[in-house]
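Visitor: I'm new to this one, so please pick a single part and walk me through it slowly. After that, I'd like to hear how the rest of the chain fits in.

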Amino acid sequence: MQKSVRLKSFELIAQDIDSVDVGLLHALSIGVGWPHRPKDWDFLRRAGRGIVAVDGIGRVFGSAMWFPHGDDFATIGLVITSPRTQAQGTGRWLMEQVFEKCGDRNLSLNSTHAAYRLYVSLGFTKEAIVYQYQGNVAPELPPLPELNGQLSELSSGKIEEINAFDRRAFGTDREKLVALLSEGASICTLRRDGEIVGYSMCREFGRGHVVGPIVASNDQDAINLTAVHLKDLAGGFARVDTRQKGLFAEFLQQSRLAVSDTVTTMSRGRSFLNGKSGEPTVYGLAGHALG
């Protein structure tokens, strides 16, 4: 497969994302209005793999990352092309490089409106809408549903306690990612009769904090797990990405988080979202690139 692409006035070469200065990646995301800080890029490079499209003097014009989970699945994200090259096929070329690296893996991604037609043409199918709630958290949260169980803080050193529960909700083992997320996060678990029935994380990201993953079996549990973190962020900027509507979405709105954008969860290969009644569900995403 071609490792370079000729555009109208110059040639771009595929290069490992770890080989470029993080400042160039930050400039790329700023150029398309994404909130990722250099620290966020550093974390994502630890969590996954990626390529960048660079010209002959080292300028970065595009990126794409993939996050393998086991041997048969990966999420894709950070697919960015600079405004200068967006209409010249760079995005398709980057995705072709990702397909080659991922082999026969089933794939999932969250598509922006601008990239949706490209992903459909590459064999991805729509599964759900993700609502990006964000804003300055209300000084006082709305009344919470009755708590069924015990909320407690979990140290990153005991993160393996949530792996089996997370696997049931996410559909595959993402133990490495969960461990990395826990390093800089506050973690809350919900237990009933000593058994973990939900958990949530909150960490710095972008303009403030992101609350996610949030994994629970019902809206009431998810709301209580989210409220733990929003209380600590009162007046500060927070973000929650969710596919949920109903009571959970209403709670976010009443906490003064508003929908600022939507993306579309898509899959290539087997379906990604296979939730079953009574099983835990991912209420809050770890991030658009991470699922």
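**A close look at helix H1**

Guide: Let's start at the N-terminal end of H1, which is capped by aspartate 21: one of its side-chain oxygens sits 2.7 Å from the backbone nitrogen of glycine 23. A quick word on the ground rules: this is a predicted model, where local features need pLDDT of at least 70, side-chain atom pairs count only at pLDDT 80 or more, and totals for chains, interfaces and linings use all residues. Residues are numbered from 1 along each chain as its sequence is written, and side-chain values use heavy atoms, with hydrogens and water left out. As for the labels, helices (H or I, at least four residues) and strands (E, at least two) are DSSP runs, numbered from the N terminus.

Back to H1. Its buried residues are Val22, Leu25, Leu28 and Ser29. Look down the helix axis and these buried residues fall within an arc of 115°, so they line one face of H1. (The arc is that of the directions from the helix axis to the C-beta atoms. Buried means under 20% relative accessible area, exposed means over 50%, and partly exposed is in between, with a 1.4 Å probe and protein chains only.) The cover over those buried residues includes helix H2 along with strands S3 (49-54), S4 (60-69) and S5 (73-81). Just past H1, glycine 33 has a positive phi of about 80°.

Carry on along the chain and you come to arginine 37, whose side chain meets that of glutamate 204 in a salt bridge, 3.5 Å from N to O. This pair links distant parts of the chain: arginine 37 is in the loop between H1 (22-31) and H2 (38-47), glutamate 204 is in strand S10 (residues 195-205), and the two are 167 residues apart. (A salt bridge here is a side-chain nitrogen of Lys or Arg within 4 Å of a carboxyl oxygen of Asp or Glu.) Arginine 37 counts as partly exposed because its relative accessibility is 22%, and glutamate 204 is partly exposed at 45%. Asp40 joins in too: Arg37, Asp40 and Glu204 are linked in a network of salt bridges.

One of the strands covering H1 leads to another spot worth a look. In the loop between S3 and S4 you'll find aspartate 55, which counts as buried because its relative accessibility is 6%. Its side chain and that of arginine 59 are joined by a polar contact of 2.5 Å. (A polar contact is a pair of N or O atoms within 3.5 Å; within protein, one must be able to donate a hydrogen and the other to accept it, and residues adjacent in sequence count only if both atoms are side-chain atoms.) A polar atom of the aspartate 55 side chain also lies 3.1 Å from the backbone nitrogen of glycine 58.

Now for the wider chain, where the salt bridges come to 11. One of them brings together the side chains of arginine 191 and glutamate 161, at 2.8 Å from N to O. Arginine 191 lies in strand S9 (residues 186-192) and glutamate 161 in the loop between strand S8 (150-153) and helix H5 (163-170), so this bridge ties together parts 30 residues apart in sequence. In another, between arginine 239 and aspartate 241, the closest N and O atoms are 3.1 Å apart. Arginine 239 is buried, with a relative accessible area of 9%, and aspartate 241 is buried at 1%.

Aspartate 221 makes a good last stop: this residue of helix H7 (residues 219-232) is buried, with a relative accessible area of 3%. Its side chain has a polar contact of 2.8 Å with that of arginine 192. Leaving aside neighbours within four places in sequence, aspartate 221 is in contact (heavy atoms within 4.5 Å) with Asn148, Leu190, Arg192, Val197 and Ala216.

Finally, step back. The protein has eight helices and 14 strands, and 54% of its 291 residues count as buried. Among contacts between residues at least 6 apart in sequence, 73% join residues at least 24 apart.
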